[in-house]
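Trainee: Could you take me on a close look at the largest cavity in this model? I would also like to hear about the aromatic rings afterwards.

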Amino acid sequence: MKRIILFLLICIMPTISFAQKNDPVERMMRKMSVRDKVGQLFIINYGHYTPEGEIEQMIKKDRIGGLIIMEDEMVHYANRMNAFQQQSRVPLVISIDGEWGASMRFDTLTQFPRNMQLGALSNTDMVYKVGRAMADQFRRVGVHINYAPTIDVNNNPKNPVIGQRSFGDNPEKVAKYGAALIRGMQDGGVWTSAKHFPGHGDTDVDSHKALPTLPFDRARLDAIELYPFQEAINQDVWMVMVGHLNVPALDPTGMPSSLSYPIVTKLLKEEMGFKGIVVTDALGMKGVSTYMPAEMVPLASFKAGSDMLLMPAKDWHRSIRNVIKAVKSGEISRERLDESVRKVLKMKQQLGILEEKPFIDPKNIYEDTETKEVVDFIQQVCDASMTMVKRPSVALKGEGSLAELIKSGRAKEVVLDKRMSLASLDGAKLSAEGAEYAVVYLPELRAPKNDFNSYSNMKPEEIYGFLSEWARQQKVILAVMNNPYVLDQIDMKAFDGIVIGYSSVKQNMEAMRKVLSGQIEAEGVMPVSAGGLPNGFSAK
């Protein structure tokens with residue numbers, strides 16, 4: 001029997017050797033120097049503001065593996081990416097942090113609802129379709145990786161950075177809805193990255209600004225924070241992003257999770273069985289960049305077990321040189337380097353860009369991406385997620401409906417200005433004086449893209465106090481165009497009716513008006529517990 005096995009091995013070895021020799025990834029690996037290989041690990045940020053020649057130098061000198069797109073105009077972006085691809089020896093992988101679609105970086109596009117609004121949907125069918133629709137847009141604009149979805153369990157209402165980026169506060173629902181969005185994008189040919197491992201939901205610190213701590217024991221972490229990640233791994237997510245978190249139960253040294261061998265290698269890769277690509281969160285964030293000299297962070301993260309190093313703090317060149325030196329000195333083995341580089345190249349092979357440089361056709365790029373079909377679909381999602389938490393005393397359809405009262409002047413619609421002040425709120429209240437009902441649209445209080453001119457001049461608690469007092473003096477139906485945590489800040493008993501609309505974008509405003517005019521029912525459910533109402537609640 002041993003002779004037969006030996007004979008078979010001798011027979012198949014030439015076949016295996018031939019296959020390896022002709023595999024495109026292995027052929028490329030044999031041709032690459034240490035510098036070539038190390039460069040493949042790095043993803044550098046690009047935006048319209050990037051100095052001319054900077055990316056070209058990174059491609060030529062440092063042989064970077066790819067780019068993450070920040071903000072740009074679509075045609076300009078397409079032309080720049082095509083030029084960069086021509087200059088790169090190995091085709092670049094183009095990535096994006098597009099949690100609510102390509103519109104997050106190309107703001108002329110219509111925004112998909114954020115995860116918390118998707119968590120208000122009654123099932124995952126539409127969530128999957130959102131993933132497929134996002135993937136269609138990403139592919140048209142030449143994006144290969146989306147660093148999403150966020151599958152953090154947002155069970156801390158005071159979380160300053162996750163909030164609406166999460167599907168909710170229930171681990172099972174977050175896992176289920178996250179898996180649906182992942183399947184949609186991956187079935188659509190786009191790599192996704194579940195984030196922020198091991199879980200950024202129950203924090204009150206923004207890791208962009210400092211290092212948050214998760215002070216929980218392992219049993220609690222397994223039940224809540226780690227649960228959605230294990231489910232995503234079980235369902236074959238291709239990429240996981242490691243966040244910058246201090247988790248003493250997983251690494252008592254206080255090392256940020258993105259630099260922690262016990263968390264990245266021992267837990268994520270070995271114990272939880274993740275075999276895909278591990279990518280870091282942005283390495284220039286203060287949650288990690290103040291822990292050690294910034295140019296040493298990528299090296300520490302790679303030693304911890306990460307495969308792709310995202311957005312290192314400048315000096316980029318020095319960060320790359322430090323990894324090269326570590327390989328050449330033996331601090332990092334050639335085998336360890338090859339393991340990660342092979343993953344990156346196989347990803348590029350799967351994407352179809354390893355042997356053929358991708359081209360983004362700038363002609364009609366906006367029209368092809370922003371189709372009527374996708375805009376109509378986004379409206380459907382918004383319509384399906386409106387959430388009634390307190391039904392108004394007035395009927396929403398039929399004789400004597402709210403819509404009829406508005407037409408007759410007995411009810412008054414008031415859309416509050418995003419940049420609220422006491423004077424503007426007084427004016428809004430005055431405009432509804434004498435009406436039987438005031439239908440008040442409360443916008444998001446957090447401005448998009450750091451547009452500080454859009455911020456309210458008042459503290460949120462002052463705004464919520466004003467509205468609650470208004471509701472004690474007049475029948476106020478509150479359309480909360482913000483997240484459900486507003487319910488914790490208002491006197492819910494004072495309001496005649498409350499509906500959650502999640503954001504102030506055009507499609508949500510339209511969906512809210514459909515609900516309040518009786519054209520559609522509010523079919524959404526609470527994605528989090530707030531205002532004394534449980535996750536999954538709706539006032540039917």
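**A look inside the largest cavity**

Mentor: Happy to. Let's start with the character of the lining: the residues around the largest cavity divide into six nonpolar, six polar and one charged. Keep in mind as we go that this is a predicted model.

Now for the space itself. The largest cavity holds about 60 Å³. Its lining is made of 13 residues, and the closest to the centre are Q111, P113, Q117, S503 and N508. Two helices are worth finding in your viewer, α17 (372–385) and α21 (506–516), as each of them supplies at least two residues of this lining. If you count cavities of 30 Å³ or more, you arrive at one.

On to the rings. The structure holds six aromatic pairs. One of them joins F466 and W470 in an edge-to-face arrangement, with 6.4 Å centre to centre and 80° between the planes. An angle over 60 degrees is what counts as edge-to-face. Both F466 and W470 are buried. These two residues belong to helix α20 (residues 460–473), and because they are four residues apart there, about one helical turn separates F466 from W470.

Two arginines also deserve a visit, each placed by a ring. R114 lies over the face of W100, 5.5 Å from the ring centre. R513 takes up a position over the face of Y441, at 5.0 Å from the ring centre.

Notes:
Residues are numbered from 1 along each chain as its sequence is written. This is a predicted model: local features need pLDDT of at least 70, side-chain atom pairs count only at pLDDT 80 or more; totals for chains, interfaces and linings use all residues. Side-chain values use heavy atoms; hydrogens and water are left out. On a 1 Å grid over the protein atoms alone, a cavity is a set of points where a 1.4 Å probe fits but cannot get out, and a pocket is an open set with protein on both sides within 12 Å along at least five of seven lines; lining residues have an atom within 4 Å of a point. Grid points are joined across faces, edges and corners, and a volume is the space filled by probe spheres set on the points. Ala, Val, Leu, Ile, Met, Phe, Trp, Tyr, Cys and Pro count as nonpolar, Asp, Glu, Lys and Arg as charged, and the others, Gly among them, as polar. Rings of Phe, Tyr and Trp (its six-membered ring) pair if their centres lie within 6.5 Å; planes under 30 degrees apart count as stacked, over 60 as edge-to-face and the rest as tilted. Buried means under 20% relative accessible area, exposed over 50%, partly exposed in between (1.4 Å probe, protein chains only). A charge sits over a ring if NZ of Lys or CZ of Arg is within 6 Å of the ring centre and within 35 degrees of the ring normal.
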